Amino acid sequence: MKTIFDKDTWQEIYGTLRKNVMRTIITIIGVMWGIFLLVALLGAAKGFENKFNKDIGDLATNSVFVWGQSTGMAFGGFQEGRPMRLKLTDTKTIKDQISAVEHVVPRNQRGAHVVHKFLDGNYNVTGDYPLLDKIQKKNLLFGRFINDSDIDESRKVAVISQDVYEEIFEFEEYPIGAYIEINKINYKVIGVIKKSNIQMGPRDDIHIPFTTFQKVYNQGDRIGWMIITGNSESDISQVEADVKLLLKNIHDVHPEDSRAFGSFNLGENFGQVTGFLTGMQFLTIFVGLATLIAGIFAIGNILLITVKERTQEIGIRRALGAKPSEIKIQIILESVVLSLFAGVLGIIAGGGILFLLNSLFTGPDAVLLNSSVTISTILSALFSLVFLGTLIGLIPASRAVRIKPIEALRDE
Amino acid sequence: MIKIKGLHKSYPMGKDSLHVLKGLDLHIKEGEFVSIMGSSGSGKSTLLNIVGLLDIHDVGEYHLNGQLIEKLDEKKAAILRNKFLGFVFQSFNLISYKTALENVALPLYYAGVNRKERLKTALDYLDKVGLKEWANHLPNELSGGQKQRVAIARALVTKPKVVLADEPTGALDSTTTDSVMDLLKEINDEGMTVFVITHEEEVAEQTKRIVRLKDGVIISDEVTNPKVLA
């Protein structure tokens, strides 16, 4: 073991590799390519994931949408097919009775004809609470989102989407303070929401205060649907089931009636996407590792050939007093050094590509965001290279010590 | 220095075996300059391999520097070779990608000498064979005679007990043959035991003792004329 820490051993190996430059280069190409692929692909996958996470933004991914449909079973003296209408009081009951629930946000929506000056269009108008901003972060281009005063005073104000702004406003017209007509009633525009890449649920065109919606459209305490988010420790599928059971209880619905309330579990769907990302990462690692192993085998293979080529050299070394173990260690260390050297070059090349990707894909529409690999990934890749390099080096090394000096020195 | 008694060696050849050495007795004392003469197939190379610890004998006794050689594993043989023996080969056997200096220094590397010391000693020996200026040349930049002198320097660098030369002039023309033989004589004069294997009469005549080998037995063992001794 002493030889490994001996400077002379390394000088000898350095000398051997340096003086066979062509051979050294050809040997390391496979491993270099493998680790390059590993780094580049893992980095790109990470960039893709980062991009996805950024698009999701502050959207609460552990949320579920619940709405009323109509009963599928007769129960408590009611016929089947009774329409279910969620009530504002339901939201409070859910919040109070289910501890895993963090927020319950009621929403009402309807289509409306919207006019601004000479331009008009048909859009969805939603009655919202400021709380919506907490679970689906609204990035504003201009102005602000609905606030508590808007709710308290049932103000006729509207927050419009960027699409609506671009469609019914003149180019570069300042929207804040302007009036738009929604179903013949004038509202003052207080904010414009930036386009987002991901939209969950029905299209949000125009938000007005919940209380305003109630009064204008004579909603009473009925609500269209609600968004429920679980707190951090909760299992969102469990929350979904609990909420629906509670609602059935409140509305006199058979506990096993699966038609009365509809729901969409964002958490589950989100899980599928992240599952896909994980799968992609796994695939990347698999492809990279497979290439790496192929590369390592190439090193072993070429070393095996060079051992054959170096028969005479090894014989000379043996005649001059090299112990079999010294020959063995030299070949193994050559293998490890080649693997590591190739690995480092591959990592540098992979890092270069990621750097290039990051500088090519910039701005909000970039496909990849901050493509990178972690230091621990790099370190474990290098560690496996040392390990595999040693392992594969054993084959040519044991071949080398099988060479008898007298055979090696025999004149042709 | 080298003491051989009743040495037998045979090689398996398919079902039969080839009996190469058939009971050799040979005693070489320190400081001798001995040549083993014989045509090809006489067993002289086999003898050299056994003496050089590159091969093991079947029957008989072999003492090297007073030490009985038996149950030799590769590691022990390597250490003994490094310590007691210096090799000179017909085809020089220099490592092609190492300079003359590095070639000479190589046995010292396996002897565990540090790099600085190694290169210094190697340069001294290169100087001794008159090739100090060629120290940083690769073998393919040297002539045959120069290569063999590098090989001799390499054989001497560990201060061995015996220098074993296997047809050292086999690949050289007559002028360089003489210069190489002169060099061997010179190191013998300094007290080194030199053991040469050859089939050339002219080479053998320049040594102090000629042992003739034929079909695996020694047919004559004579001290050459005093002209050489003088």
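This is a short tour of chain B, from the whole chain to its sheet, one covered helix and the side facing chain A. Keep in mind that you are looking at a predicted model.

**Stop 1: the whole chain**

Select chain B and show it as a cartoon. You should find 8 helices and 10 strands. Of its 230 residues, 47% count as buried. Among contacts in chain B between residues at least 6 apart in sequence, 68% link residues at least 24 apart.

**Stop 2: the sheet**

Next, pick out strands 6, 7, 8, 3, 9 and 10 of chain B. Together they form an open sheet of 6 strands in the order 6-7-8-3-9-10, with mixed pairing. Which strands stand at the edges? Colour strand 6 (85-88) and strand 10 (217-223) of chain B: each has a single partner strand, so one side of each is left without a neighbour in the sheet. On average, neighbouring strands of this sheet are turned by 15° against each other, direction ignored.

Zoom in on strand 6 of chain B and strand 7 (residues 162-166) of chain B. These two run parallel and are joined by 4 bridges. To see how they line up, show Gly86(B), which stands opposite Val163(B) in strand 7 of chain B.

Now add helix 6 (residues 174-189) of chain B, which packs on the sheet. Helix 6 touches strand 3 (33-37), strand 7 and strand 8 (193-198) of chain B. The direction of helix 6 makes about 150° with that of strand 8 of chain B.

**Stop 3: a covered helix**

Select residues 144-156 of chain B, which make up helix 5. At 1.5 Å a residue, its 13 residues should span 18 Å, and the end C-alpha atoms are 18 Å apart, which agrees.

Is helix 5 of chain B mostly covered or uncovered? Mostly covered, with 11 of its 13 residues buried. The buried residues include Arg149(B), Val150(B), Ile152(B) and Leu156(B). Show the surroundings as well: what covers the buried residues of helix 5 includes strand 6, helix 3, helix 4 (115-128), strand 7 and helix 6 of chain B.

**Stop 4: the side that touches chain A**

Finally, bring chain A into view. The contact takes 23 residues from chain B and 21 residues from chain A. Look for helix 2 (74-84) and helix 3 (100-111) of chain B, each of which supplies at least two residues of the side of chain B that touches chain A. Helix 2 of chain B gives the most to that side, with 6 residues. Colour this side of chain B by class and you will find 12 nonpolar, 6 polar and 5 charged residues.

Technical notes. Residues numbered from 1 in each chain as written. Chains lettered and ligands numbered in written order. Predicted model: local features only at pLDDT ≥ 70, side-chain atom pairs only at ≥ 80, totals over all residues. Buried ≥ 20, exposed ≤ 12 C-beta atoms within 10 Å, placed from the backbone. Contact = placed C-beta atoms within 7 Å. Nonpolar A, V, L, I, M, F, W, Y, C, P; charged D, E, K, R; others polar. Pairing = 2+ DSSP bridges. Axes fitted to C-alpha atoms, helices over the stretch in contact; angles between N-to-C directions. Expected span 1.5 Å × (residues − 1).
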